[in-house]
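Subject: Structure handover

Hello,

Here is the structure we talked about, with the sequence alongside. My notes follow below.

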Amino acid sequence: MKLVHQINLAFGIALVLVLSVAGIVIHYVLLDHLIGAQREDLKVMSIEMTALLKEEYPQVTDVSVRKLPFELPITAPSSDVSAVLTDQMGSVIAASPITHTAKNVETLTAVTTSQASSVQSIQAGSDKNFITVEKLTPQGKLTLYTPISKVRTIEQALLKRLLIIFGAAGFAMLLLSIFITRKLINPLIRLRNELNKVKQRQFSDVALIKAGGEIGSVAHSVHEMAKELNHFNQVQKQFFQNASHELKTPLMSISGYAEGIRDGVFEGENVRKGLDIIMNESARLKKLVTEMTLLAKLDSEEDVFRSEEISLEELLTETVERLNPLLVKQEIMLHTEYGNLGTVKLRADRDKLLQAMLNIVSNAVRYAHQQIYIHAKLCKGQVIINVSDDGPGIPEELLPYLFHRFVKGKDGESGLGLAISRAIVERCGGLIQAGNGSKGGAVISLKFPEIA
């Protein structure tokens with residue numbers, strides 16, 4: 001069953017249950033209210049009739065009543081209400097209305113005697129078809145009663161009207177629920193179709209579904225995910241293309257010179273030059289494969305990264321010492337500024353983070369004219385390391401892709417160094433960014449959380 005039908009069915013069942021319970025509760029509450037109102041009316045009537053008896057027959061007792069030749073004038077204000085006067089023994093003395101035509105004691109006695117048994121059951125409360133009220137008078141006990149059927153008729157008529165109103169309101173709510181459900185489900189159906197595109201790897205075809213609330217947030221997340229997957233897919237394709245190109249170049253050189261030496265094309269000193277080229281290209285190929293393997297491990301393996309507390313000052317000092325021969329060779333001056341960060345600690349894999357720093361600084365050496373600067377500072381619980389140079393800077397079109405694989409500048413080597421640095425820094429819980437300084441030159445910024 002479709003979700004829209006399930007929601008509508010569940011809402012319909014819930015609505016029927018709620019209306020049914022409400023109808024039953026209203027039925028009993030309304031009936032009790034009407035019975036209570038009728039009983040209050042009977043109490044008022046009994047008070048008025050008791051006052052009338054006291055006024056017209058103040059000296060009459062239950063004994064003298066039996067000797068009266070005429071019926072006591074007891075008349076209820078409503079035709080649906082009956083009144084009965086009984087003595088202390090429970091015998092009916094008078095009743096109203098009376099159904100006899102002869103106004104004599106014998107007829108009255110016969111009528112009241114026939115009513116005695118039913119009146120006693122009404123007074124005892126065993127007859128549930130009547131609403132009764134009793135009042136003591138000088139002549140005996142006055143009992144007023146009215147049939148409950150009239151109250152039930154009024155209650156049923158009101159209940160029917162309420163049920164009609166409930167039914168109309170329930171039908172309107174059901175239509176409203178169908179409308180709201182469709183409005184909520186339609187974005188989900190469209191979102192499902194977009195997810196099917198993701199399943200079929202049609203990432204670029206995934207559209208943004210406009211909806212409100214949580215569904216809109218999910219739709220936005222799905223659209224962003226599709227964009228990331230599409231970008232990742234493009235990067236993967238570009239990675240294999242660039243990898244094949246980068247591997248093909250040294251392999252072609254090795255193969256060409258090896259075949260030339262084998263076939264005797266190179267002789268004498270040229271053989272030695274050819275062997276040197278083979279060795280250099282082999283070393284370049286080995287380095288490229290090593291970097292690609294390391295990058296793959298950083299992306300997929302957890303045990304390749306071992307985190308520990310390291311000293312920031314020791315890390316930067318070893319970076320400078322490792323690159324010192326290259327700096328002397330290129331005649332580059334490197335300036336460091338640590339301030340009072342000698343006791344600052346980072347949590348990272350020391351060897352991996354050192355490699356990342358070496359990649360970043362050696363990249364700066366490749367493009368710097370004369371100066372390289374390493375500044376480290378502590379700001380709001382973060383350790384910030386800036387590596388800048390006085391070179392030409394990073395082209396604006398290259399900035400968004402600088403840390404992608406096989407992306408390199410004019411004098412770059414494999415295009416994997418900064419990609420490896422980014423993977424290492426992020427595994428350390430840090431952030432790496434690139435930009436250009438206000439006076440020119442590239443600036444690579446690294447941010448790490450400080451260990452308290």
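Ile-180 is partly exposed, because its relative accessible area is 40% and the band for that class runs between 20% and 50%. Bear in mind that this is a predicted model. Ile-180 lies in helix α4, which covers residues 148-199. On the surface, Ile-180 belongs to a nonpolar patch with Leu-176, Phe-179 and Leu-184. Together these four have about 400 Å² of accessible area.

Next, the helix α7 side. Leu-326 sits in α7. Leu-326 is also partly exposed, at 31% relative accessibility. Which residues does Leu-326 contact, leaving aside neighbours within four places in sequence? They are Ser-362 and Val-365. Leu-326 and Val-365 are 39 residues apart along the chain, yet their C-alpha atoms are separated by 8.0 Å.

Now the interior. The largest nonpolar core has 53 residues. Those touching the most other members are Leu-312, Leu-353, Ile-372, Ile-385, Val-387 and Leu-446. Helices and strands both feed this core. At least two residues each come from helices α6 (269-300), α7 (312-330), α8 (350-367) and α9 (417-427). The same holds for strands β7 (345-348), β8 (371-379), β9 (382-389) and β11 (442-449). Helix α8 gives the most, with 9 residues.

A second, separate core has 17 residues. Among them are Ile-35, Leu-42, Ile-148 and Val-151.

Back to Leu-312 for its contacts. Residues up to four places away in sequence are not counted here. Leu-312 touches Leu-341, Val-344 and Leu-346. Leu-312 also touches Ala-376, Val-383 and Ile-385.

Two strand pairs are worth a look:

- β1 and β2: Strand β1 (residues 82-86) pairs with β2 in the antiparallel sense, over 4 bridges. Val-84 has Ala-95 of β2 as its bridge partner. Is strand β2 buried or exposed? Of its 5 residues (92-96), 5 are buried, so β2 is largely enclosed by the rest of the structure.
- β10 and β11: Strand β10 (residues 431-436) runs antiparallel to β11, and 6 bridges join them. Ala-434 has Ile-444 of β11 as its bridge partner. The two strands form a hairpin with 5 residues between them. In that hairpin, Gly-440 takes a positive phi near 95°.

Strand β11 thus appears twice in these notes: it pairs with β10, and it supplies at least two residues of the largest core.

Best wishes

Notes: Residues numbered from 1 in each chain as written. Predicted model: local features only at pLDDT ≥ 70, side-chain atom pairs only at ≥ 80, totals over all residues. Heavy atoms only, no water. Patch = residues over 30% accessible without salt bridge, like charges linked within 9 Å, V, L, I, M, F, W, Y side chains within 5 Å. Areas by Shrake-Rupley, 256 points an atom, 1.4 Å probe, with all protein chains shown as cover. Salt bridge = Lys/Arg side-chain N within 4 Å of Asp/Glu carboxyl O. Buried < 20%, exposed > 50% of the residue type's maximum accessible area, 1.4 Å probe, protein only. Pairing = 2+ DSSP bridges. Core = buried A, V, L, I, M, F, W, Y, C linked by side-chain atoms within 4.5 Å. Contact = heavy atoms within 4.5 Å.
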